[in-house]
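Please look over the sequence and the structure shown here, and then read the report that follows, which moves from one part to the next.

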Amino acid sequence: MQVVWDWFRWLYDTTGINLTIFYDAFDRTRFASGFWMTVKLSVICILLSVVIGIIGAGIQRSRYRIPRTVVYWYIQAFRNTPPLVQLYFFYFGLGALLKGVTGPMVTNVTWAIISLSFFAGAFNVEIFRSGIEAVPRTTLEAAESLGFSRLQTYLRIVFPLAFRISLPALNNNLVNLVKTTTLAYAIAVPEMLYVSSQIWSDELNVPVMMNVLLVAYFVLVGILVWIMHRWEKAIRVPGFGV
Amino acid sequence: MKRESVLPVLLPDASRLVQTALRERRDGWRVRLRASHGGALLAVFVTGCAIAQAQVQAGNPSILETIWKWTPLLARGFVFNLAISFMAMGIGSIAGLFLGYAQISLLSPVRKTSWFVTHFFRNAPWLVLLFYCMFLIPFEVTLFGTKIPIPDWTKATLGLALPVMANVSEILRGAVQSIPTTQWEAASSLAFNRRQTMWMIILPQCIKRMLPPWMNLYAILTMSTVLASIVGVNEMMTLTQRALSAENRPGLLLSFYSYVLLWFFVYCYPIARWTVHLEARYAVKQ
């Protein structure tokens, strides 16, 4: 590994391209931790938002009116306000209010995760709900006549179909979520953008770090898009869509 | 070969969902604003004002007076947001049309390069592009011996124009692709060459298809101009923060921020409605 690091130092000495994130051990750990924070934020928020989406879609199909209305307004509120405002609301509004209750355990990272998950979750509820509704009643009736229980019908028939229908929209949303994690910068979550800004103010290598950042996000989002498209293709219902 | 449906159990609804998702992937997420959203926002604003009013100490001006006092300053900030959005949209659209046209070129290198550029800027988060322009463009350039200063907001405009460019490029490519192949075939049977087909048959039909997603993109862009507050441009959000710290009174937060949101809602709502209207009008009957 040392050879690689030395090569980057040589690169700096000869060309002036100052990639401290490779040859300087301190910056290397800093950038790596920022990168992992972005990955961690993305993965946790993706999982949580999918869970929120499934639960919300379930509630929207319940026969009680009040929970349905609550979920409806949750969706409207989170779909139609800027995520930056939501982030500020959670961190400066709720976070400050609940400080006495939660103590210092709930950090800005936690608030970023909560806020971003609810943001993406609001879209996911809609996506899953419309996916479930697109499964025809006759299919449910057919399942019932074959002796499937309500739970079995959902797990074995409705969900697999609804998931395939929802997947393209879900992918759009998740890709969007990964890009939105940059906003956590605004509440000082040490993710990739934040760490990079620390590095470039210490090392004064703004242009180089900017390019590193741009390429890093391009690769990160590119990988996600690629995986999701492969998955979409793999499980798509033949002769459907497109 | 057209694939036969193996699983003819799904309703047309399901097919439409997938198609909507694929369209949104190309044109960007759809801004869906309803009048009830404005009502809810107004309710939040009124609640915020009521809470703040209850906390006003004797001798201090009422909350509405305070908001009224700051309104001219905030309005100036809002004009700035609009100026940024207009210019970013203009620059981004023109650049995007060229890039999109390159994406449907017959020359493979041109097509591949422009595809890469488009997706590069589409995959990069807006905030990162904004930072990129804010820090990399110098604060002044020397042109023929005269120093031309580049103010912060110009850089922010360019930073926002980049993602707009990539999105417009993709919208154009999508629109051209959505024109049925029969149109091309009919044109070539009438001895139109490629350029003539493009300019006289395909592109005129594309304009109608591009208009709704283009306006939608504008609504998204307008809402994104507040991102410029993070990099310190004196737009509405920054000025709100300044006003709040100048007032230094508890409880103003909710009323002020909901006030700002209301301004944006009032501006974006007609655009969103009009987009929906145009889309319905231009919808191709199948």
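In this predicted model, the contact between the two chains draws 37 residues from chain A and 37 residues from chain B. On the side of chain A that touches chain B, the elements that contribute two or more residues are helix H5 (83-97), helix H7 (108-133), helix H9 (150-180) and helix H11 (206-235) of chain A. The largest share of that side comes from H11(A), which gives nine residues. Sorted by character, the residues of the side of chain A that touches chain B are made up of 24 nonpolar, 12 polar and one charged.

The nonpolar residues can also be followed into the core. The largest nonpolar core has 120 residues, and those with the most contacts inside it are A:Leu87, A:Ala112, B:Leu127, B:Val128, B:Leu130 and B:Val164. Which residues is A:Leu87 in contact with, once its neighbours within four places in sequence are left aside? They are A:Ala112, A:Ser115, A:Leu183, A:Ala186 and A:Ile187.

Turning to chain A as a whole, its secondary structure comes to 11 helices and zero strands, so that reading from the N terminus on gives the order α-α-α-α-α-α-α-α-α-α-α. The C-alpha trace of chain A spans about 75 × 50 × 25 Å along its principal axes, and its radius of gyration is 22 Å, whereas a compact globule of 242 residues would have a value near 18 Å. Of the 242 residues of chain A, 38% count as buried. Among the contacts in chain A with a separation of 6 or more, 75% are made by residues that lie 24 or more positions apart.

Chain B offers a pair of strands that can be described step by step. Strand E1 (residues 140-143) of chain B and strand E2 (residues 146-149) of chain B pair in the antiparallel sense over four bridges. Within this pairing, B:Thr142 has B:Lys147 in E2(B) as its bridge partner, and B:Val141 has B:Ile148 in E2(B) as its bridge partner. E1(B) and E2(B) form a hairpin with two residues between them, and B:Phe144 in the turn has a positive phi of about 50°.

Positive phi values also occur in two alanines, one in each chain, and the table sets them out together.

| Residue | Phi | Loop |
|---|---|---|
| A:Ala188 | near 60° | between H9 and helix H10 (192-203) of chain A |
| B:Ala191 | near 65° | between helix H7 (181-189) and helix H8 (194-224) of chain B |

For both residues the phi value is positive in a residue other than glycine. How many C-beta neighbours does A:Ala188 have inside 10 Å? A:Ala188 counts as partly exposed because it has 13 C-beta neighbours inside 10 Å, and a residue is counted as exposed if the number is 12 or fewer. B:Ala191, by contrast, is exposed, because 7 other C-beta atoms lie within 10 Å.

Conventions:
Residues numbered from 1 in each chain as written. Chains lettered and ligands numbered in written order. Predicted model: local features only at pLDDT ≥ 70, side-chain atom pairs only at ≥ 80, totals over all residues. Rg over C-alpha atoms; globule rule 2.2 N^0.38 Å. Buried ≥ 20, exposed ≤ 12 C-beta atoms within 10 Å, placed from the backbone. Contact = placed C-beta atoms within 7 Å. Nonpolar A, V, L, I, M, F, W, Y, C, P; charged D, E, K, R; others polar. Core = buried A, V, L, I, M, F, W, Y, C linked by C-beta atoms within 7 Å. Pairing = 2+ DSSP bridges.
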